Amino acid sequence: MRVRILIALVTAAGLVFGLFSPTGAAGFKPVINFGVNRAAEDLDPVTQDANPNIWAYMQIYQELIAINVKGDGFVPDLATKWAVSPDGKTWTFTLRPDARFSTGDPVTSADAVWSLQRAHDMDGPWKWALESVQSISAPDAHTVVFTLKEPFAPFLSDVSLFSNAILSEKVFKSATHEQISTKPIGSGPFMLTDWKKGEELVMKANPYYYVKGRPRTPELHLRYIPDDNNRVIALQSGDVDGVDYPPFSLLSTLRRDPRIDVQLNPSTAVQHVLLNVTAAPLNNIKVREALSYATDRDAIVKAVCYGACTPATSFLPITTPLFDKQLKAYTLDLTKAKQLLQESGVPTPITLKAIIWSGNTDAETATTLLKAMWAKIGVNLQIEPLDRATATQRMRALDYQVDVSGWTNDVPDPSELASYEFDYVTAKSYHTGYKSDAMDALINKGVRELDLNKRRQIYYQMQQLAITDAPLVWLYYAPYTIALNKKVSGFVQLATGPWIFKDVAVAQ
Amino acid sequence: MLRYALGRIGQTVPIAFLVTVLIFLLIKLLPGDPASAILGDRATDASVAALRHQWGLDRPLWEQYALYMRNLATGNLGESLRYQSPVTELLNRRMPVTFFLIVYSLILSVLVAVPLALLAALTRNRWPDQVIRALMAVPLASPAFWIGILFLIAFALKLRWFPAEGYGEGFGDHLRHLFLPAFTLSYAFAAVLSRNLRSSLIDVVTTTYVDFARAKGLRGRVVLFRHVFRAALLPVVTLIGVRMSYAIGGSVVIETVFAIPGLGSWMVESIGARDYVVVQTLTLMFAMGAMLINLATDLVYPLFDPRVRMG
């Protein structure tokens, strides 16, 4: 009996101390340790295009509106309401009054105007996102007004882009670029407290975050563990609570581990093969069609993703709004492929060179399979592994024939990828050199048509035309892989990629 | 002795200069451009050109080299292109990690190799010697990155004796965190070291001066440690010197496998990102490190072998 009382007393004391301790709720760990496969390098929202940077600063910064989890719509963030004028040219956002930066200063419309103007003016990878904007103004402390050059259908999704994060004007107005890159200050759930570059980012809860009781865990460590095997072992041995990108090849092993939870999260990823259409023989549309018909997407999905991916039909990722589910896509048809190759007039065997990033095992596997598949129709694919910097430079210079690569959407709208992939002016049509007047007309109409049904038809036509012209071979749609300790709850990953840690708790 | 030391030190100066020229040219010869590597696939051509200009990459090569040398002379190692932070700041954090790892692995190798070599030499051609020799052939045939993963699975995942990654905080934590990587690094070297030390011990045991020492009536242990062991260490010192330089290279692989924030893993990433500034500095540091170790080996010789002092 006495022993029981003692136990009860000890438990009660534990609970009391647990409840009042400044380091997290009782029964939960005060720190989330999350292992990532690439290190963040620069946290300026406007100038960076690599996911590890973006996903890290998205814990710190907020936009006016945020993309929903499914990646096909919006939820309020710093703005609680938004409205568009009848002529479609004036957008008005109402800011929430209770949002504050981690310095304690309130988030005002002046901060928003300053940040958005900076994003608008800076010549970076996201300049397109505010290209439709004529001017940005703040009629009062909680209202932001955009005036557009003309009505622009994807405007709302472009405003939700991470590069349009709201920074503190007071802190950054006269800051150096280095300060913006290395010492972010935002109004989101976390604030950066220590950054050991190439090792880990240490974040603590922003005490002024407007959602009470969030984040649930007071500290977040994003730890850089580049080796896939080691990252998974670190999770299994309890060094970290979760990891991103466990490789497909290790998923079945992880599923057998009773302590581990494996997530395959819907993503906006599409893997594809770029074809340089500016030179023979890939300037011949029949050769490109033949390659598309000779590609066995099911076999690639099986070998690369161990069945976890979906064969690609359209150029758009499957989760993109206006994705055409009825599209008549390429399927494996060797007879047709051989026939097309014969009609093309290009004598076989054709030799093509593929560049891939060395160390990217998924691309290596896919390319090796393509080599075997295309050999069946008389195409000899030679594989040239290059390091990332060289491969990127050769792709940009159109100094290649075949390049195995991938894409993820950043906004819940098809217009971003449409213009990157098929508009020559934007990016030489994804550096394939493809040019088509019909496609250009569709791209232009697509961003100006405000009627959803008409807009849908435009993007359906575009997806069909892409199949006809075949400047790329679309391979598969991959999910994001995540592995977590079962003690972790509340983890969310958006279809556009970023993790949300504010609701995460890790049981002791 | 002083002349010998000064001569050796003097020789390193022109070599160091040559190294800087070589490093500079080699890096420029690499295909791939840092501006497009850092800005990524979606950057515009204009922003790539602007960044190249900002970094001076559009200037003539000799001008870039002159600038590099001038900065080097004033101790300005520049800013990492990737992290927008001074290289010295990152270096201060990462250099001790790699130094710790290499010294740790060396100590572990010696702790394993010396007793085994002694035992093998003393029981030459009998069963303990043969078992040791056979066992030591295994590490020579297994690559470090693979052994590293096996150690991880055994000691970090199954037994949970050691953490799987990182460096930790504080000396005790470092010892724990770096044990597996240091052991992986030392594993193959312990084998080489013990085999070499064994044969060198056997060579010395059969020399006439050892016979003489025995004939003088010295006790076995005194002969072994004062006469045999000291002489036998000479080739081993060379081996350790060579190995230290080699361990700098080995750390590149091991640090990546174990996610250790040292110079090796930093080097790999910086090459991938074409972070010229960091690659230049690190290559120079590695080259200087190798040269200093060589120099130290040369300077240590006379302590073991009086004949070197004359030369």
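**Close-ups of a predicted two-chain model**

**View 1. Strands S6 and S7 of chain A, side by side.** S6(A) and strand S7 (residues 143-148) of chain A are joined by five bridges, and the two run antiparallel. This is a predicted model, so read the close-ups with that in mind. To get your bearings on the pair, look for Val133(A): Leu148(A) in S7(A) is the residue standing opposite Val133(A).

**View 2. The open sheet of chain A.** Zoom out a little and you get four strands in an open sheet, ordered S4-S5-S7-S6 (chain A), with antiparallel pairing. At the edges sit strand S4 (79-84) and strand S6 (133-140) of chain A; each has a single partner strand, so one side of each has no neighbour in the sheet. From one strand to the next, the twist averages 20 degrees.

**View 3. A helix laid over the sheet.** Here helix H3 (residues 109-121) of chain A lies across three strands of that chain: strand S5 (90-95), S6 and S7. Against S6(A), the helix runs at about 170 degrees.

**View 4. Where chain B meets chain A.** Chain B puts 37 residues into the contact and chain A puts in 32 residues. On the chain B side, the elements giving two or more residues are helix H2 (34-39), helix H3 (45-54), helix H7 (144-158), helix H11 (220-257) and helix H12 (263-272) of chain B. H7(B) gives the most to that side, with five residues. Sort the side of chain B that touches chain A by class and you find 20 nonpolar, nine polar and eight charged residues.

Definitions and conventions:
Residues numbered from 1 in each chain as written. Chains lettered and ligands numbered in written order. Predicted model: local features only at pLDDT ≥ 70, side-chain atom pairs only at ≥ 80, totals over all residues. Pairing = 2+ DSSP bridges. Axes fitted to C-alpha atoms, helices over the stretch in contact; angles between N-to-C directions. Contact = placed C-beta atoms within 7 Å. Nonpolar A, V, L, I, M, F, W, Y, C, P; charged D, E, K, R; others polar.
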